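Below are my notes on this model, set out as numbered points. Please read them with the structure open beside you.

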Amino acid sequence: MSDAIIVNKVYKKFGKPAETPWWKLLLKRDANKSKTNGKGRRRLVTAVDHVSFKVKEGEIFGVLGPNGSGKSTLIRLIATLLLPDGGGIRVFGHDPEKEPIKVQRLINRVSVEASFFKKLSPMENLLYGARLYGMGGKETRKKVVEILNRLGLEENSIFRPMEEMSRGMQQKVAIARALLSRPRILLLDEPTTGLDPVSKREVQAVVRELREQDGTTILLTTHDMMEAEVLCERVAILHKGKVVALDTPEKLKELAPGVDGKPPTLEDVFIHLTGRKLTNGELEKEGA
Amino acid sequence: MSTTVQQIQATYAFMERNVNLVKRYWAWELVWLVYSIANSLSVSYIGLGMESLAGAEVDGRFLVLYLVIGTLVWRYLSLIFIWITEIIQIERWEGTIEYTLMAPIRRVVHMAGQTLFAVVYGTIFTAIILFVTVNLFEIDLSKANLVGSVLVMAAGSISFIGISVMASVLPLLFPERGAQMTHIVIAILLLVSGVYYPVTVLPDALQKLSVISPATYVLEGVRQAMLEGTNTGALWPFIWPVLIMGVIAIPIGLWVFEQAERYAKRTGKLARNG
């Protein structure tokens, strides 16, 4: 089985001195100070710190980490939305920085915030998305109904503005949008955050189905340990931008002792490795 | 599917999306149209007002037509500018910018889709204002060279596209206030291009700026065609400068946009919703 994604010593920081206003750059002393974490100065944040891993074709690979651990930044780097400061990424052999269009043809992404034109209906939004990927209108209209029904969305809501839909429903439309282009790699950035338990299971079932039926490679970020455990074949634990462990959920659990005589969970592993708890249910705002 | 067909389909994606947005925001579009008509009429009435104030020395009908042409040409060009510069702003507002910039399309295709829509939208919008204005002021267009005017405006659109693409990087680089920054470009063009007065009344420094504004040539060309009925061939001196400006400005605009996009991807500015 070939490698779908290779991430090799990727490094990304934000708040670099280059972002200092031009007039401050003229005053060298100020520019140098901005590298520090002084009061009122830009702080240099390393979002992804020399991260390396490989995702095999057809694998569901999880990246588990708390808010601010670098998960979304990592997804954006693979999705051609950010450029790395160091290291390299290959997506089926293509470099996202040098061959963005080749990579973009192979991937699609669902982010934690379902981003849509809120006045437009799911049908109008998905038509727009599908045409960007070279799909025709007739073919798309048929598929939209099919996919949204598969995700449990009522047919009459397909033509209502997105702003009238719940967050869970919007997230399902976001997943439908990603599925429409039939990507070889699907990047799921906390796709089930904010969904009710039933919707969460529906989405998880679709993820499994995609892998089984279409052989889609899936890179999933989450801070839901149960989700990582039931969906992913391998999980990388990310903490402060670094991979602190990477293995199958079963093998990861061998890294931590059990609590109160019970076998260890992924949460125990995380606490054991990082000394802190994961926070569920929070929206991640990182990489900006 | 061949790459070319895919890219053409993508161009249509932007046009269709914008048509859908206009339909969904129909109430706003109606308000904007009424505002634009009222604005054009109030400027045009200055012509009749001048006649009333200064007496027979001023040809009020001529002034009205002079100002009507100014408001219409300016409305058309500024609509193109607004729709192209909003290429980023709309998507920032809606939060879809990352999704669109992640799609496998060339930036020139992205711009082409937005530009084609802007030209069609601007033409329809301006035609409605023209219809209302001509009927209200009972303007006689029998001697006007309408075909020549359309040709000058079409050529002018090309140069405005380049300027607009360059200005559209501002919302990309400055998420919080970039859209407002584009107003400076349009305000300077309005000042120096002779929209409501001949550029000869401007101070020397501003007259020099008017030479590099495509709107100056478009306004002068359309006025010659509409007020004096100048034949299309004689309008060439107003057409070639704007075509040259377009040929230079569009590739520069695209290059500037690509650099700005790269900078935004390097610094993580795409993810911010300002």
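1. With which side chain does the side chain of A:R109 make a polar contact? The partner is the side chain of B:E98, at 3.1 Å, where a polar contact is a pair of N or O atoms within 3.5 Å, and within protein one atom must be able to donate a hydrogen and the other to accept it, with residues adjacent in sequence counted only if both atoms are side-chain atoms.

2. On conventions, this is a predicted model, in which local features need pLDDT of at least 70 and side-chain atom pairs count only at pLDDT 80 or more, whereas totals for chains, interfaces and linings use all residues. Residues are numbered from 1 along each chain as its sequence is written, chains are lettered from A and ligands numbered from 1 in the order in which they are written, and side-chain values use heavy atoms, with hydrogens and water left out.

3. A:R109 lies in strand β5 of chain A and is buried, with a relative accessible area of 7%; here buried means under 20% relative accessible area, exposed over 50% and partly exposed in between, for a 1.4 Å probe and protein chains only. Apart from neighbours within four places in sequence, A:R109 is in contact with residues of both chains, including A:I75, A:R76, A:L187, B:E98 and B:M102, contact meaning heavy atoms within 4.5 Å.

4. A:R76, one of those contacts of A:R109, belongs to helix α3, residues 71-78 of chain A, and counts as buried at 7% relative accessibility. The C-alpha atoms of A:R76 and A:K9 are 16 Å apart, with their positions 67 residues apart along the chain.

5. Turning to the interface, 43 residues of chain A are in contact with 40 residues of chain B, and the two chains bury about 3,900 Å² between them, 55% of it on carbon and sulfur atoms; buried area is the accessible area (1.4 Å probe) that two parts lose on being put together, summed over both. A:F117, A:Y128 and A:L132 supply 18% of the area that chain A buries against chain B, more than any other three residues.

6. Between chain A and chain B there are eight salt bridges, each a side-chain nitrogen of Lys or Arg within 4 Å of a carboxyl oxygen of Asp or Glu. A:E124 forms a salt bridge with B:R24, and their closest N and O atoms are 3.0 Å apart. The side of chain A that touches chain B draws at least two residues from each of β1 (3-14), α4 (100-106), β5 (107-110) and α5 (122-132), and its largest share, six residues, comes from α5(A).

7. Away from those points, A:R234 is found in strand β8, residues 234-239 of chain A, and counts as buried at 18% relative accessibility. The side chains of A:R234 and A:E59 are joined by a polar contact of 2.6 Å, and further contacts of A:R234 beyond four places in sequence include A:K54, A:F61, A:D247 and A:P249.

8. For chain A as a whole, there are eleven helices and nine strands, taken as DSSP runs numbered from the N terminus (helices H or I, at least four residues; strands E, at least two). Of its 288 residues, 56% count as buried, and among contacts between residues at least 6 apart in sequence, 71% join residues at least 24 apart.
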